[in-house]
Structures are given as C-alpha cells and as structure tokens.
Amino acid sequence: MVDHLDLVLEQWAEQRPDLDASPMGVVGRVSRLNQLFGAQLARNFARFDVDRASFDVLATLRRSNAEHSLTPAGLMRSSMVTSGAISQRLDRLEARGLVTRAPSETDGRGVRVTLTDEGLRLIDSVLPAHIETEQQMLAGLSTVEREQFAELLRTLLESLGDTRD
C-alpha cells in the first residue's frame with residue numbers, strides 16, 4: 001500500500017538524492033494523523049456542544065479528585081490547555097454553568113475551579129463517546145500494535161523534552 005508521503009519521499013529521492021528525506025515520512029504521517037484525528041474528535045465534540053479545549057478542562061476536573069476541583073494553575077498543569085487559554089476557557093464554561101470559580105478556602109488570594117452538577121453530567125456523557133471515537137480511529141491497529149505505537153510515541157516525546165513535571 002502506498003500513501004501520499006511515499007510519493008513525496010520518492011519525489012525528493014529523485015530531485016535530491018543527496019538528502020535523506022526519510023524523517024518526512026514520520027513527521028508528515030504524524031501531522032496527517034493529527035489532522036484526521038482532530039477532525040473526527042471535533043465532529044464528536046460538536047454533538048455535545050463542546051470543543052476540544054473545553055472537553056480537556058472538564059475532563060481534567062473530572063479525573064483530578066473527588067471534589068472535581070483545582071486551582072487555575074493546577075488545571076493548566078494537569079490539562080493540555082495553555083496558560084493563555086485557561087482564563088478564556090473558564091469564562092466560557094462558567095457562563096454555560098459547567099464550572100464555578102470560588103475563593104480558595106486555604107489561600108485567600110487563590111481561586112478554585114469546580115465542576116457543577118451540570119458540568120459533571122456533561123463530561124460523563126461525552127467521555128464514553130470520546131473513547132468510542134478514539135477506539136474507531138485506532139481500529140486499524142491490533143492491541144499489541146497500539147501498545148507498541150504508544151511506547152514509540154512516548155519515547156519520541158521524551159526525547160523532545162516533553163516529560164511529566
């Protein structure tokens with residue numbers, strides 16, 4: 001089976017045989033996967049009237065602790081949302097009644113972000129559909145291949161400095 005990246009690599013081999021363009025095969029395919037995965041996830045999230053960043057904030061709160069509550073800084077560290085985006089995301093989620101922000105009981109200057117009952121219901125309905133979407137996206141790989149692929153991706157991410165703080 002031949003894909004678009006095979007054609008690109010073939011063309012580079014013809015035009016610049018002095019260069020090893022093989023990294024393009026990996027990076028290009030990962031980029032293409034990101035596009036395809038992003039589009040499928042976006043369609044699934046749209047069914048629940050959330051976007052990827054909102055899902056990540058809600059999911060992070062849901063999995064964090066029994067109170068489903070974190071500080072904005074803790075939320076940023078535990079999620080895949082950047083610091084610049086956290087405040088904006090929280091404003092939107094709070095306006096929808098999915099989270100609340102309240103002064104911290106332990107730090108007078110701090111704030112706690114907590115899932116509301118409605119936010120908890122929403123994330124608990126989105127999560128199974130999200131996992132099913134991811135299952136479908138990975139259906140072309142066996143369980144062993146998924147584990148190998150995950151390990152290879154982890155190794156690559158770590159080599160690029162993307163480690164858990």
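Contact here means that heavy atoms lie within 4.5 Å of one another, and the legends below use the word in that sense for a model that is predicted.

**View 1. The surroundings of S104 in the loop between β2 and β3.** S104 sits in the loop that runs between β2 (99-103) and β3. Leaving aside neighbours within four places in sequence, S104 is in contact with G110, V111 and R112. The relative accessible area of S104 is 12%, so this residue is buried, the cut-off for that word being under 20%. T71 is 33 residues away from S104 in sequence, and the two C-alpha atoms are 8.2 Å apart in space.

**View 2. The largest nonpolar core and the residue V99.** The largest nonpolar core holds 23 residues, and V57, L58, L61, L75, V99 and L122 are those with the most contacts inside it. Two or more residues of this core come from each of the elements α2 (22-46), α3 (52-64), α5 (83-95), β3 (111-115) and α6 (117-137). When residues up to four places away in sequence are not counted, V99 touches L58, L61, L90, L93, E94, V113, T114, L115 and T116, and among these L58 and L61 also belong to the core residues with the most contacts.

**View 3. T60 within helix α3.** T60 is found in helix α3, and with 0% relative accessibility it counts as buried. Apart from its neighbours within four places in sequence, T60 is in contact with L70, L75, S78 and S79, and of these partners L75 is one of the residues with the most contacts inside the largest nonpolar core.

**View 4. The second largest pocket and its lining.** About 250 Å³ of space lies in the second largest pocket. Its lining is made up of 15 residues, and R29, V30, L33, F37 and F149 are the ones that lie nearest the centre of the pocket. Helix α2 gives the most to this lining, with 8 residues. By character, the lining residues divide into 10 nonpolar, 2 polar and 3 charged.

**View 5. M24 in helix α2 and its partners.** M24 lies in helix α2, where its relative accessibility of 37% makes it count as partly exposed. Not counting residues up to four places away in sequence, M24 touches L5, L9, W12 and R29, and R29 is also among the residues that lie nearest the centre of the second largest pocket. Another of those pocket residues, F37, is 13 residues from M24 along the chain, and the C-alpha atoms of M24 and F37 are separated by 19 Å.

**View 6. The two assigned domains and the contact between them.** The domain assignment of the protein gives domain 1 as 1-15 + 22-47 and domain 2 as 50-137. The contact between these domains takes 8 residues from domain 1 and 10 residues from domain 2, while the C-alpha centres of domain 1 and domain 2 lie 31 Å apart.

**View 7. D49 and H68, two loop residues with positive phi.** D49 lies in the loop between α2 and α3, and its phi is near 60 degrees, a positive value in a residue other than glycine. H68 has its place in the loop between α3 and β1 (69-70), and the phi of H68 is near 55 degrees, again a positive value in a residue that is not glycine. As for accessibility, D49 counts as exposed at 55% relative accessibility, whereas H68 counts as buried at 14%.

Note on methods
Residues are numbered from 1 along each chain as its sequence is written. This is a predicted model: local features need pLDDT of at least 70, side-chain atom pairs count only at pLDDT 80 or more; totals for chains, interfaces and linings use all residues. Side-chain values use heavy atoms; hydrogens and water are left out. A nonpolar core is a set of buried Ala, Val, Leu, Ile, Met, Phe, Trp, Tyr and Cys residues joined through side-chain atoms within 4.5 Å. Buried means under 20% relative accessible area, exposed over 50%, partly exposed in between (1.4 Å probe, protein chains only). Helices (H or I, at least four residues) and strands (E, at least two) are DSSP runs, numbered from the N terminus. On a 1 Å grid over the protein atoms alone, a cavity is a set of points where a 1.4 Å probe fits but cannot get out, and a pocket is an open set with protein on both sides within 12 Å along at least five of seven lines; lining residues have an atom within 4 Å of a point. Grid points are joined across faces, edges and corners, and a volume is the space filled by probe spheres set on the points. Ala, Val, Leu, Ile, Met, Phe, Trp, Tyr, Cys and Pro count as nonpolar, Asp, Glu, Lys and Arg as charged, and the others, Gly among them, as polar. Domain bounds come from an automatic or database domain assignment.
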